[in-house]
Amino acid sequence: VAHPISRREVLQSAACGFGYLALAGLTAQPAAAGVNPLAPRLPHFKPRAKRIIFLFMQGGVSHVDSYDYKPRLFKDDGKTIAFDDARAIANTGMRGSSKRVMKPLWPFARHGQSGRWASTLFPETNKHLDDFCFIHSLHTEGIAHGPATLFLHCGSTNFIRPSMGSWVLYGLGTENANLPGFISIAPSAGNGGPRNYGNAFLPAMYQGTALGRAGGPAAEATIRNLTNPQLSSAEQRRQFDLLRELNAEQIRQSPADTELEAVINSYELAWRMQGQAPNLLDLSKESKATQALYGIGESATDNFGRQCLLARRLCEAGVRYVQVTYGDSTANPAWDQHSNMPRHAVHARAVDKPIAGLLADLKQRGLLEDTLVWWGGEFGRTPYAENNGTGRDHNPGGFTVWLAGGGVRAGSAHGSTDEFGHQAVENKVHMHDLHATILHLLGLDHEKLTYNWSGRPFRLTDVHGQVVREILA
Amino acid sequence: MAPRSIPVLFALLVLVNGLQAGGDSRGIDFFEKKIRPVLVEHCSSCHSKDAQAKKKLRGGLLVDSRAALLKGGDSGPAVVPGKAQESLLIKALQYSDEIRMPPKKRLPDSVVADFVTWVNLGAPAPEDSTAKGPASSAGMSVEEGRKFWAYQLPRKAPPPVVQNTAWPGNDVDRFILAQLEARGLRPAPDADRAVLARRLYYDLIGLPPTPEEVDAFVQDSSADAYEKLVDRLLASPAYGERWGRHWLDVARYAESLTLRGFVMKEAWRYRDYVIDSFNADVPFDRFIQEQVAGDLLPAATPAQRGRQLIATTFLVLGNTNLEEQDKKQLRMDVVDEQLETICRAFLAQTIGCACCHDHKFDPIPTRDYYALAGILRNARTLEHANVSRWLEVPLPVGPEREAVLKKHEEAVAALQMRIKAGRSGSAGASPSPAALKKLEDELKKLEASGPKRPMTMTVLEEKEIADTQVHIRGSVHNLGEKVPRGFLQVATYGSKRAMPANESGRRQFAAWLAAADNPLTARVVVNRAWHWLCGAGLVRTTDNFGTTGEQPSHPELLDYLAVQFVEEGWSMKKLVRQIVLSHTYRLSTAASPSPDPENRLYARMNRRRLDAECIRDTVLAVSGQLILDRGGPTFKADLAADYGFRYSEPRRSVYAPVFRNALPQLFEVFDFADPSVTTGRRNVSTVAPQALFLMNHPFILEQARFAAGRILARKDLDEAGRIDRAYRLALGRPPSAAEQRLAQSFLKSQSADSLKAWAMFYQALFGSLDFRYVN
């Protein structure tokens, strides 16, 4: 079922911002079903996951150095071979560029019961390999970061489209009326910036809420304007009472005006958020053991560890879609090792323990069963050296992501790239297909999740996308 | 692999068995053995009538008959009998081109070889006499479209006769009242004069009236007091700032790109051009043409030429991904964006659909899309590189200035020559390194200190003027037939305009957009004005006059205003004046139970929320900090990226740089227009982040403190007098007795620090309902 929302409905209920349910409680009137666009909605079918954490490895992790094991790269290391380089094709149409094969910098081994291959790049995370569902045959659009990052988040390289989290929130609503339903922790300002968590033409209530910024300290990851920098809480209480009284006088002129009531309610919600959200965002509430699990307190992992722990707390509190970005706002973000592959180790060190900690923590709390964890970048990297140097260029033609938790086949691998790990060849999964599959896991039919704008229905997957049924548990 | 479909298999069997053989039996055997099973297993789930019935047909291609394969799909014939290497089907199977089939995995070499053999044999297969091509996917035909209201020429009917002849103030009211009377409804009472003043100030200039200005109007008992106020506000330069900003929403105006936060240093000239155009009441048809083709229009003076060049910045403001590596694709992305913007802004048409297929709902065939695209493809918007770049050209200057610039440029050139010669030693004895360094320093200094040519963003005509081809399914790598440049057929009346062979056709396009016999343009403009003044358009979907948009509530009024607008020379000020002078505009917003809860009939005025700019400008006006400087650049020229930019100048909001990665928080939370798409109608949301902003953001706290200091400086007023004034400054009205009591008791309870107490009080006023809404 699509959810067309009329402007009128939006006006009536936007009213309620992200706090409609609580407001309904306040006004002692039960919320009429279907009135509030942010109320939890029934999915199209039974969901396998209720919420999602997307760990965005910005810049493009090298799949051939991490999870896509290709013996041929060791064998042919240093040989010059003709490859269909995506950048060369886009720039000049030229196929068959001569490139020097570069072997992985980290040795591979099989892991766990499932015996999946992984390199030593992520040693801690490797302990959870039996929970992973690898997709080795992902391919996407956009050769540069800007287009590919937008495609990853919004399903389009250039046109202004809603981001995936906005679609999910639009489709499913939120479970915690006192919090935003879609939160992006430490998003990058670059490569599409706010568009990557923007609502575009969907109503504003579906936009992502940014906490902090990419590369910034985790301490900055908070909801904006949550505290008053000047007034004591007693003073603010008195001022809030005054505001209530002023508004009560003013609304007397327009009794039973739903829009004005909505404004008043938005203040009540803000007031409650101000009281409650800081607790939720306060990681010191967690035990030392839990903090240590995420690598908090160790200099290399402290920042990303805090962000991952925050993600778990938000999920636990009912936030539907949480994205955590490991990246920055530059034109060559984090994992973008064009000329210096060994630097991958620095980034891997920063995220490895936090991710392993997050998985362990979700598991021990029973959250992994209905939480989908998605790890990946906007593209992979080439199996050959860039400009005959020591780095690798972008590779949108074939790369690896992994999913874990709600509804995916644990310990499995789907699809494959060619023997060099360059192009996806078997059971190819386009980014549109991945989007369709993730929506499916959340109980949404990507072809039915539509919104009418500019004279026609739009969806996340445009006119594409097929659910990859083989990876469903 | 998709589950195999039994019905398809069955259909193919029937089809094959029930028809006469169309080739020799050896060929047919080959087909039966080697080809048909593969088609059924690997192709039919997306390319068969069965798939079509399930709406799973891809690319318009059917493989369940020979005829269908010869006919092919959207990309043309799939099979050319006897010529395997010219057959798209073979290319797709070989994975040698853009289209690669089956999409999941290339078939084994032996199977592909069978297909090559089969096609080279002449593609023998049982003929399918029943095969009919896929049903036409076209939506409304152009002829049918002509029956839809928006594509018919507007007609100016005489205003209807009304019963209550005393009520109408002008013709607008006769159209409104006639509908009300027809439903047995009566217009609301008139708005209170102070309320009307506040409404008019915000609507015409976007600023609150001072208490003195309200008093002056309320006390002016002359018959034309209201007209005088309207004319004074229309003549104020603040009018252009308010109305220009409306247009900037439509023009998706911004000063940076999301990608890498690139700052467009010269975009402000376009903003000022828009503001100036509204203030000078440039005829709107002229205004349209300048933005689409100003660079090609004749100009009498360098100033006029400059103005027209700046106007074309409009074409360059799209939020483009300059990093796109496929430059063919990027070039077309730019054209698509320009077309989408032009058609939404001026015609309220959603043309984007027709980029890939005939519009499903509106009478816009794909050919029309590429007829227009051909025109814009002849305009160069970007200079391509790894990261492409928009174009900037020098603005023409007067002769005196030109002489100064020339002199400076010659001096620079001469110095550069000397340095070059010195380095190469070609001018006899080489100067010492020290002397050379001195020259270089001199050059640097000269360049830094000398006058600079003003630049503007614009487009240039391509060297080669051409028509373009249909892009099949919107793909730049799959071109179809060539389409002569032209316009939307359904909206074209009168004689055909010929396209010049040596010019892009933008001038003709612009003239067609702004023509009196374009059925859409004038209607779209007057509807926008109505929306901006009344809070809801006569057609509420201001950017969509297609069949999926809403119908006009008062079609005759819309036509009347549109025709009159054209007759009176496309004057926006006259139009605005006519609407605000109507009795309808002056009604109270007080709602009473009504059979028309959405107020489609305008029995009352719509209450409206202050937009982001008005909220900010009013806070600054109340605090006494607002600076009314006009125009000019508003950030430093050396700013490279917009990330983290904060605007702290207390100038009007229209001058806050519109940075796509760094919109002011206040703009973000209060529904400022998305600067990447045409916005004729902003969202109006009510969410908690707005409340948090007003409760805790430093800007509000700081301005409340300024406002407090300002009111406390009024030693001539006692506490009650100050409260009265604060209300009048912030809300445009005096406090009620109850409000006066509330305020006094609050201030008393906080008396230890009166500045702080007043700041807290002002902040509460800024947060109150009557501040945020205009009645």
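Here are some worked exercises on a predicted model with chains A and B.

Residues are numbered from 1 along each chain as its sequence is written, while chains are lettered from A and ligands numbered from 1 in the order in which they are written. Local features need pLDDT of at least 70, side-chain atom pairs count only at pLDDT 80 or more, and totals for chains, interfaces and linings use all residues; side-chain values use heavy atoms, with hydrogens and water left out.

**Exercise 1. Get an overview of chain B.**

Start with the box: the C-alpha atoms of chain B fill roughly 110 × 100 × 55 Å along the principal axes. Next, list the elements. Chain B has 31 helices and ten strands, taken as DSSP runs numbered from the N terminus (helices are H or I, at least four residues; strands are E, at least two). Then look at burial: 58% of the 775 residues in chain B are buried. Buried here means under 20% relative accessible area, exposed over 50%, and partly exposed in between (1.4 Å probe, protein chains only).

**Exercise 2. Describe the interface between chain B and chain A.**

Step one is who takes part: 79 residues from chain B and 82 residues from chain A are in contact, meaning heavy atoms within 4.5 Å. Step two is the area. About 6700 Å² is buried between the chains, with carbon and sulfur atoms giving 54% of it. That figure is the accessible area (1.4 Å probe) that two parts lose on being put together, summed over both. Lys104(B), Gln325(B) and Leu769(B) supply 11% of the area that chain B buries against chain A, more than any other three residues.

Step three is the polar side of things. There are three salt bridges between the chains, each a side-chain nitrogen of Lys or Arg within 4 Å of a carboxyl oxygen of Asp or Glu. Lys756(B) makes a salt bridge with Glu235(A), and the closest N and O atoms are 2.9 Å apart. You'll also find 22 residue pairs in polar contact, both at pLDDT 80 or more. A polar contact is a pair of N or O atoms within 3.5 Å; within protein, one must be able to donate a hydrogen and the other to accept it, and residues adjacent in sequence count only if both atoms are side-chain atoms.

Finally, see which elements of chain B face chain A: among those giving two or more residues are H16 (327-347), H26 (688-696) and H28 (719-731). H26(B) gives the most, with eight residues.

**Exercise 3. Check the length of two helices in chain B, and how covered they are.**

Take H21 (residues 521-534) of chain B: at 1.5 Å a residue, its 14 residues should span 20 Å, and the end C-alpha atoms are 20 Å apart, which agrees. The expected span is 1.5 Å times one less than the number of residues. All set for burial: 14 of the 14 residues of H21(B) are buried. Just after the helix, Gly535(B) takes a positive phi of about 85°.

Now repeat for H28(B). Its 13 residues should span 18 Å, and the end C-alpha atoms are 18 Å apart, so that agrees too. Ten of the 13 residues of H28(B) are buried, including Arg722(B), Arg725(B) and Arg728(B). Gly732(B) follows H28(B), with a positive phi near 75°.

**Exercise 4. Work out the surroundings of Asn196(A).**

First, place it: Asn196(A) is in the loop between strand E7 (182-185) and strand E8 (209-211) of chain A. Asn196(A) counts as buried because its relative accessibility is 8%. Next, find its polar partners. The side chains of Asn196(A) and His153(A) share a polar contact of 3.4 Å, and the backbone oxygen of Asn191(A) lies 3.0 Å from a polar atom of the Asn196(A) side chain. Leaving aside neighbours within four places in sequence, the contacts of Asn196(A) also include Thr149(A), Leu150(A) and Cys154(A).
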